[in-house]
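This report describes one protein chain for a reader who is new to reading structures. Please keep the sequence and the 3D view open while reading.

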Amino acid sequence: MGGVSARPLRLLLVEDSDRDAAHVTMSLRRSGWAPEVCRVETKEEMSAALRDGTWDAIVSDYKLPRFSAPDALATLRETGLDIPFIVLSGAIGEDTAVRMMRGGASDYLLKDRMTRLTAALERELKQAHERQAKRRANALFQAVLHAAPDPSAIVDRTTGAVIDGSTSFARAFLGNATFPVPKPLTQLVQFSLPERIEQLLARGSGTALHTVYYLGGSGRVANVRCYTVEHDGGSYAYVVIEDVTEQHYLKAAFDAIPDAVLVIGSEQRLLYGNHAAEQLFGDLYFGMEVSELLARPELGPRWWLRRTSRFDEQRVLANGQPYAATSVLFRFAGEPNASTILTLRNIAEEEELQRIATHDALTGVHNVRHFTEVFPRYAEQGAALALLDLDYFKMINDTQGHAAGDAALITFAKLVRAELREADLFARLGGDEFAVIFAGLTAEAAVPRLDAIYERLQGTTLSASCGVATIGAGDSVESAKERADQALYEAKRAGRGRYVVMGGGER
């Protein structure tokens, strides 16, 4: 049956009596210790032992021929070591014992009550261990505080003095001077609005966002954060100056961009949205899903992702406005998957300018310039060209006025447009002359469309003459109009109010 292992104890014994030293050693062994005892009798011997060894406790007789407990305690204090110091003596007055305890001794025991030594040692060793742990924690706190990358300071809220801080704070604001500094924070750091910081310290917690301060003569921007710490009966403010100058001006630059900018992570969550994006989509926040925000039924799923290296631009409708959407892929440092920068540019004004440039202002149909520009594309694919003149238009203008003439042109354009396909082109060439290109049809194949137009005209007071010709890849605008004009002339000569297909007779 194995016994319980004895507890090791390195003991420095200040004692001149061999008998008393043996008695101490024996008492400790009986109490379950395995003492390693070093006995000294002079200051020189004790200083050498403290210098060369590591000791758990010191037990000292009060009076020795060339040394004493007060001298031994003074020798210990000179080293700055925290070692339990217990006085063990045959007889001593109460006043002397009180002086020893006030001087730093851990306990005082009589030699004839040796049994109390074990309990005293256990108590003092435990307290020494707790003090050591507290010192390690304090040292760690100091190391963390001093190593903080952002300038940080601990302010005594009662006096306002800065009692400690980070190395970065000392370097930035103190010229590397050491703490504590008997000055308030607002005297050490030049804030543009020091009263904001004073109010923050008075509250004891919170953040002063986008605070301007000056460093080396240059204005900087910081978020000043404050946390209250109650410690040992005092109230302290832990202040962190988080410099956000670059982020602040970068955000200001992005917010100044009139286009909506969204930064979308590889997991399709929002990383950033500028002010224009918030105006377009409403409240945005970091990490929100973008799929529902950007979903458009007329576009494919995740249409904002670039799938090729080609620079693509898509037309997107948002809040009833047209936008040109472009995306750029990039990777954050250390990320395996690409993120996306999506830009949406409002093109409503551009489209309106384009519409004005390509459409007739009165009737809303395309103008002659657009007709001339796109004609080759229709001719290349094969089509039918119809030239239409509103009959008796000059008479309407002369007898009823220009307003009536304009109304007749607008009405005529609406009637014709109602019977055209999306692929067809309808243009006003000037005055009362219009042109229709029936995409992909021959002149004969366009007859049902023309019949429908003339049926609509029969229900009005309007009349029109029309000539139709087939056009192909070899045709220019002039050659095609020449053939259609011939058919138009035939329609007018036959009495107006009809159409003639080139080579196919009048209808």
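The sections below go from the whole chain to its strands, helices and single residues.

## The chain as a whole

The model shown here is predicted. Its protein chain contains 17 helices and 24 strands. The C-alpha atoms, taken along the principal axes, fill a box of roughly 150 × 65 × 35 Å. How does the radius of gyration of the protein chain stand against that of a compact globule of 507 residues? The globule would have a value near 23 Å, whereas the protein chain has 49 Å.

Of the 507 residues in the chain, 41% are buried. The chain exposes about 27800 Å² of surface, and carbon and sulfur atoms supply 52% of that area. Contacts along the chain can also be sorted by sequence separation. Among contacts between residues at least 6 apart in sequence, 51% join residues at least 24 apart.

## Two hairpins in a row

Strands of a sheet pair through backbone hydrogen bonds, and the pairing is either parallel or antiparallel. Strand β10, residues 206-215, pairs with strand β11, residues 218-231, in the antiparallel sense. Eight bridges link β10 and β11. Leu 215 stands opposite Ser 218 of β11. The hairpin of β10 and β11 has two residues between its strands, and Gly 216 there takes a positive phi near 65 degrees.

Strand β11 also pairs with β12, residues 234-243, again in the antiparallel sense. This pairing runs over 10 bridges. One bridge joins His 231 to its partner Gly 234 in β12. β11 and β12 form a hairpin too, with two residues between them. In its turn, Asp 232 has a positive phi of about 50 degrees.

## A five-strand open sheet

Another part of the chain holds an open sheet of five strands, in the order β14-β13-β17-β16-β15. The pairing in this sheet is antiparallel. Why is one side of β14 and of β15 left without a neighbour in the sheet? β14 (270-273) and β15 (313-318) stand at the edges and have a single partner strand each, so one side of each stays unpaired within the sheet. From one strand to the next, the twist averages 25 degrees.

Inside the order given above, β13 is next to β17. β13 covers residues 260-264 and β17 covers residues 339-346. These two strands pair in the antiparallel sense over five bridges. In one of the bridges, Leu 262 has Leu 342 of β17 as its partner.

## Two helices in contact

Two packed helices are described by the distance between their axes and the angle between them. For helix α14, residues 393-400, and helix α15, residues 402-417, the axes come within 6 Å. They cross at roughly 145 degrees.

Which residues of α14 meet α15? Phe 393, Ile 396, Asn 397 and Gln 400 do so, and on the α15 side the residues are His 402, Ala 404, Gly 405, Ala 408 and Leu 409. The residues of this contact divide into five nonpolar and four polar, with no charged residue.

## A buried alanine

Ala 69 belongs to helix α3, residues 69-79. Is Ala 69 buried or exposed? Its relative accessible area is 0%, and a residue counts as buried under 20%, so Ala 69 is buried. Apart from its neighbours within four places in sequence, Ala 69 is in contact with Ser 60, Asp 61, Tyr 62, Phe 85, Val 87 and Met 100.

Leu 342, the bridge partner of Leu 262, gives a reference point elsewhere in the chain. Ala 69 and Leu 342 are 273 residues apart in sequence, and their C-alpha atoms are 80 Å apart in space.

## Backbone details in loops

The loop between α6 (167-173) and β8 (181-184) contains Pro 180. A cis peptide bond joins Phe 179 to Pro 180, with omega at about -5 degrees. Asn 176 lies in the loop between α6 and β8 as well. Asn 176 is not a glycine, yet its phi is positive, about 65 degrees. With a relative accessible area of 53%, Asn 176 is exposed.

Arg 302 sits in the loop between α11 (291-294) and β15. Arg 302 also has a positive phi without being a glycine, here about 50 degrees. Its relative accessibility is 41%, which makes Arg 302 partly exposed.

Terms used. Residues are numbered from 1 along each chain as its sequence is written. This is a predicted model: local features need pLDDT of at least 70, side-chain atom pairs count only at pLDDT 80 or more; totals for chains, interfaces and linings use all residues. Side-chain values use heavy atoms; hydrogens and water are left out. Axes are lines fitted to C-alpha atoms, for helices over the stretch in contact, and angles run from 0 to 180 degrees between N-to-C directions. Helices (H or I, at least four residues) and strands (E, at least two) are DSSP runs, numbered from the N terminus. Contact means heavy atoms within 4.5 Å. Ala, Val, Leu, Ile, Met, Phe, Trp, Tyr, Cys and Pro count as nonpolar, Asp, Glu, Lys and Arg as charged, and the others, Gly among them, as polar. Two strands pair if DSSP finds at least two bridges between them. The radius of gyration is taken over C-alpha atoms; the globule rule is 2.2 Å times the number of residues to the power 0.38. Buried means under 20% relative accessible area, exposed over 50%, partly exposed in between (1.4 Å probe, protein chains only). Accessible areas come from the Shrake-Rupley method with a 1.4 Å probe; for residues, only the protein chains shown count as cover.
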